[in-house]
Amino acid sequence: SSSSSSSSSSSSSRRVRTGKLAGVATAEHIVQDELYYTWGTGLVPSFLRGDAMVVVVLLLAAWIFVKLSSFIDWEEVVDALVDKQSRDLGFSFAALSLVAVISLIMAELWSLYPLAIFIVAAAGCVVSIYLHEVDRQVEFYGESYQAACDISNTVSCSSSVKKGSNSMFLGITNSSAGIVYYLVVAFCVLIKIFTDQYWPIVLAFILTAIGVVYSLYLLYFSLSVLRVLCPLCAYVHIFNFILFWIMVDFAEELRWQ
């Protein structure tokens with residue numbers, strides 16, 4: 001009986017130790033998750049959420065329109081887009097605009113955040129690949145090269161490249177950085193789906209925030225310094241803003257799960 005009591009006491013002590021270890025592990029997991037949420041989702045969304053985000057976007061859109069109107073002949077742009085030779089370009093712009101609208105609907109109305117992020121990231125990656133090809137062609141042909149997205153002298157993909165706005169840091173082209181950026185953001189969301197880890201969302205959130213800041217810088221440089229609008233670059237900037245918008249909502253939803 002003494003042996004049975006000792007074995008039962010040892011097993012109970014093991015259970016107590018196991019319970020304590022499990023409790024410590026659970027507590028550490030909770031603390032770690034709280035740190036992820038506080039650092040990754042409580043910083044920027046606290047002042048860029050809901051109506052505040054809408055106000056910021058509207059003010060930015062107004063500033064962009066004023067800047068564009070100072071050097072762009074809108075009638076020339078419209079005539080070029082309705083021209084038969086530029087009709088395919090117009091369809092491409094319409095398709096990219098549709099992608100942006102659909103992704104926002106999927107995120108805001110149906111809460112399909114991962115799918116919306118994948119769609120925007122895929123579209124941004126495709127546009128970045130095309131812009132990378134424009135970079136290569138301009139480097140090879142020089143000033144004589146005209147890209148398919150060249151509408152006028154002031155609305156042109158190749159003109160911005162020729163003026164040196166395609167590479168801002170360390171000699172890495174913006175298109176190459178964009179390809180890597182969209183792939184990494186999509187991969188982070190994929191990791192979150194299959195592993196239920198929180199750090200990929202924190203990383204994706206930080207990357208999209210950096211993407212928005214860099215897009216703002218490129219917009220200022222293009223519109224205020226170069227006075228040239230790269231139309232496909234503009235879609236990349238739009239996708240960056242949409243990715244950040246969706247990531248804010250996605251992180252906020254995960255915060256309260």
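The pLDDT is the predictor's confidence in each residue, on a scale from 0 to 100. The structure described here is a predicted model, in which local features require a pLDDT of at least 70 and side-chain atom pairs count only at pLDDT 80 or more, while totals for chains, interfaces and linings use all residues. Residues are numbered from 1 along each chain as its sequence is written, and side-chain values use heavy atoms, with hydrogens and water left out.

The mean pLDDT of the protein is 81, and 77% of its residues reach 70 or more. Over residues 2-6 the pLDDT stays under 50, and the model has zero contacts (heavy atoms within 4.5 Å) for this stretch beyond four places in sequence. Residues 15-25 likewise have a pLDDT below 50, with zero contacts beyond near neighbours in sequence.

Nine helices and two strands are present, where helices (H or I, at least four residues) and strands (E, at least two) are DSSP runs numbered from the N terminus. Along the sequence these elements follow the pattern α-α-α-α-α-α-β-β-α-α-α. Among contacts between residues at least 6 apart in sequence, 75% join residues at least 24 apart.

Of the 257 residues, 39% count as buried, a class defined by under 20% relative accessible area, with exposed meaning over 50% and partly exposed in between (1.4 Å probe, protein chains only). In soluble globular proteins, nonpolar side chains tend to be buried together. A nonpolar core is taken as a set of buried Ala, Val, Leu, Ile, Met, Phe, Trp, Tyr and Cys residues joined through side-chain atoms within 4.5 Å. The largest such core holds 58 residues, of which I117, Y182, L232, F239, I246 and M247 touch the most other members. At least two residues of this core come from each of several helices, including α2 (51-69), α5 (113-141) and α8 (199-226); α9 provides the largest share, 13 residues. Beyond four places in sequence, L232 contacts F93, L96, V127, Y130, L131, C149 and C157.

Rings of Phe, Tyr and Trp (its six-membered ring) were paired if their centres lie within 6.5 Å, with planes under 30 degrees apart counted as stacked, over 60 as edge-to-face and the rest as tilted. Ten aromatic pairs result. F65 and W74 form a stacked pair because their ring centres are 6.0 Å apart and their planes lie at 15 degrees. F65 is exposed at 51% relative accessibility, whereas W74, at 37%, is partly exposed. Ring pairs also link F93, Y235 and F239 into a cluster.
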